[in-house]
Amino acid sequence: MSIKVNDKFWERYFKLIRDEMIPYQWNVLHDQENITIDKERDDENIPSEKSHAIQNLKIAAGLAEGDHYGWLFQDSDVYKWLEAASNSYAIHPDEKLLSMMDEVISLIEAAQDEDGYISTYYQINNPKLKFRRLFESHELYCAGHLIEAAVAHYKATGSERLITVSNQFVQCIKNHFGDEEGKINGADGHQEIELALVKLYEVTKDESLLELSAYFLEVRGQDPDFYKKQLEENIENGLSQGPVPTINNEYHQSHKPVMEQEEAVGHAVRLVYMAAAMADVAYYLNNEKMYEACKKIWKNIVTKRMYITGGIGSTVHGEAFTYDYDLPNDTMYCETCASIGMMFFAKNMLKHETDASYSDILERCLYNTVISGVALDGKHFFYVNPLEVQPEACQKDPGKSHVKATRPSWFGCACCPPNIARTLTSLDQYIYSSNEDSVFAHLFMDNEGEINLDKGTVAIRQETTMPYSGNVRFYLELDNINKMRLGIRIPSWAEDFQIIKDGKEVEGKLDRGYLYLEISKRQTVIDVHFEMKAIQWASHPLVRGNQGKVALQRGPFVYCLEEEDNGENLHLNSITNQQVTEKPVEDSALGDIVLLETIGQKEKITKEWNERLYQKYATKEVEQTQLTFIPYYTWANRSSGQMQVWVNKKE
Ligand code: FUB
Ligand code: ZN
């Protein structure tokens, strides 16, 4: 499949990534950008003086002297940058970018040990503890990001340099890990290599990579004491390793074998990276039991533990899931990377079954939490994506130090910024999937390309007014095929739709949220019209904080109120039964957007409240107010102020 996205909405992001994010992130990784790096939360142990990521590689390569600086996984920032740069190069080849990538690749080659190992923290500061503190070491997590970068770089440029580095590291890993006597029989504390190995398999067709991935998935949780035992062994072997922490197995999803895990627990990014890998391995190895396990985890997330914005992770403590229906709007985590991981999970679930419940979530994550993670200038980022913010609380409530009212320039832990860049530049891989005789359209954006089916090729082109309104036109041209099926996702936000094939309205067959059309002419034009209007969503009654509230959505975008448009004390506003109108604005400070407006009510703070905190209940005085909603992803791009997604509803 080869698809090129030429969509106005997304091309703005590709350009932003190419012109701003990639050069900016390159400078930050080289410690050449004059910025303040924020701690992701109040914690004096967070390394936030500088990135030092390139310098760490130089030191490991023997090209500079000094100590490692930053998190144990600082190398992954460089690998994710390289992946984003490769994807961007594929969209828009550019010699300067190619030479920047070559420079970094040379450094990685130089930093790699003879035996294939690379992890600059352990190489520089702690060689004796290589692979011996897997609960936190992130060595295989970094290997995974290296592999993903290698695959992207190979696909974009044809160069095998990083594939060679990856293969050498994989061999080193195979030499150390496995259930044979004398090997380490366990997995990294942070899942990532599992999904990366499948990607490497996809380009090399080396089946041992699939087996290694399956091994890492299946060994997790077999011995819940594995991480603890590793630390105890270090003590027995006289290896100095600092204080021994208590291991929280749920945090690492190592409390039981993955096939038995039915709920989303622990660190949210780890969980969804793991689940994405499980879905992929299950697909390639035809492992029905593993797919069934994925379905249980998926169901638990989307029916009980996910925010309407596609955010996951209800608490900062362990950046983790908590319990069913616990979705606080102002203390949540909703890490950008976690929603990116949900996109990976959804994409891989779609390989098993074309079911709109997967692609709806993919779209929800992408158009809301994922792009909320980057400011419209491409140089400021959210790690945590709240659904309700009061800036004073971010500053004065220690329990909300992780919630930022505006996007910082960078973080001590910089996992999210390059993750956004690499994901958005790979959007072409999320639009369609196919099988022997069908093409499935999951996302709607202008694009064109070719998809290979068993008997031939279909040239496909989408022209659409999405995400602003719901018109999509498909042009199909069959080459060597007599017939095929096109499955078109009917989004959950489209209350009605109409399909016109070669000028005639058709009904098609609806199955699990996809409308199927039989295509038998060489050239076919299909027009789809999705009704796109503001919808008011309610939450399950057990989501305590959303009781009596609604959230607005139009098309793929969830909306929010911001103080800039609505004044302070957003919590005093209510939506009434007045009509919600749409107001398209072009070239605004927030770009081209459609505002939603309605006449609501605002509770007055009457003078009786002066000097009082409580008084006997009396009917509240309200005044009419105009409420203006903006797409959630655009919030915090103008001023620092309050923001709220869920708003009181008065019948
Ligand atoms: O641990 C590596 C990355 O840093 C995780 O995926 C993020 O949640 C952040 O903790
Ligand atoms: Zn992150």
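**Tour: zinc site, then strand 4**

Select Glu-335 and Cys-337 in this predicted model. Glu-335 and Cys-337 are both buried.

Now show the zinc ion (ligand 2). Which residues hold its protein donors? Glu-335 gives an OE atom, while Cys-337, Cys-415 and Cys-416 each give SG. These donors lie 2.0 to 2.3 Å from the zinc ion. Along the chain, their spacing reads E-x1-C-x77-C-C.

Next, look at the angles around the zinc ion (ligand 2). Why is the arrangement tetrahedral? The 4 donor atoms subtend angles of 95 to 116°, and four donors count as tetrahedral if all angles lie between 85 and 135 degrees. For comparison, the ideal angle for four tetrahedral donors is 109.5 degrees.

Move on to strand 4, residues 438-441. Are its faces covered or not? Both are covered. Ser-438 and Phe-440 are buried on one side, Val-439 and Ala-441 on the other.

Add strand 3, residues 432-434. Strand 3 runs antiparallel to strand 4, paired over 3 bridges. Pick Ser-433: its bridge partner is Phe-440. The two strands make a hairpin, with 3 residues between them.

Then add strand 8, residues 484-489. Here the pairing with strand 4 is parallel, over 4 bridges. Ala-441 has Ile-488 as its bridge partner.

Finally, select residues 439-532. An unreviewed UniProt entry annotates this stretch as the domain "Non-reducing end beta-L-arabinofuranosidase-like GH127 middle". Color by secondary structure: residues 439-532 are 61% strand and 0% helix. The C-alpha atoms at the ends of this stretch are 24 Å apart.

Note on methods
Residues numbered from 1 in each chain as written. Chains lettered and ligands numbered in written order. Predicted model: local features only at pLDDT ≥ 70, side-chain atom pairs only at ≥ 80, totals over all residues. Heavy atoms only, no water. UniProt positions renumbered as here; feature names shortened; annotations may be inferred. Buried < 20%, exposed > 50% of the residue type's maximum accessible area, 1.4 Å probe, protein only. Pairing = 2+ DSSP bridges. Donors = N, O, S within 2.8 Å, 3.2 Å for Na, K, Ca; no water. Tetrahedral: all angles 85-135°; square planar, octahedral: opposite > 155°, others 65-115°.
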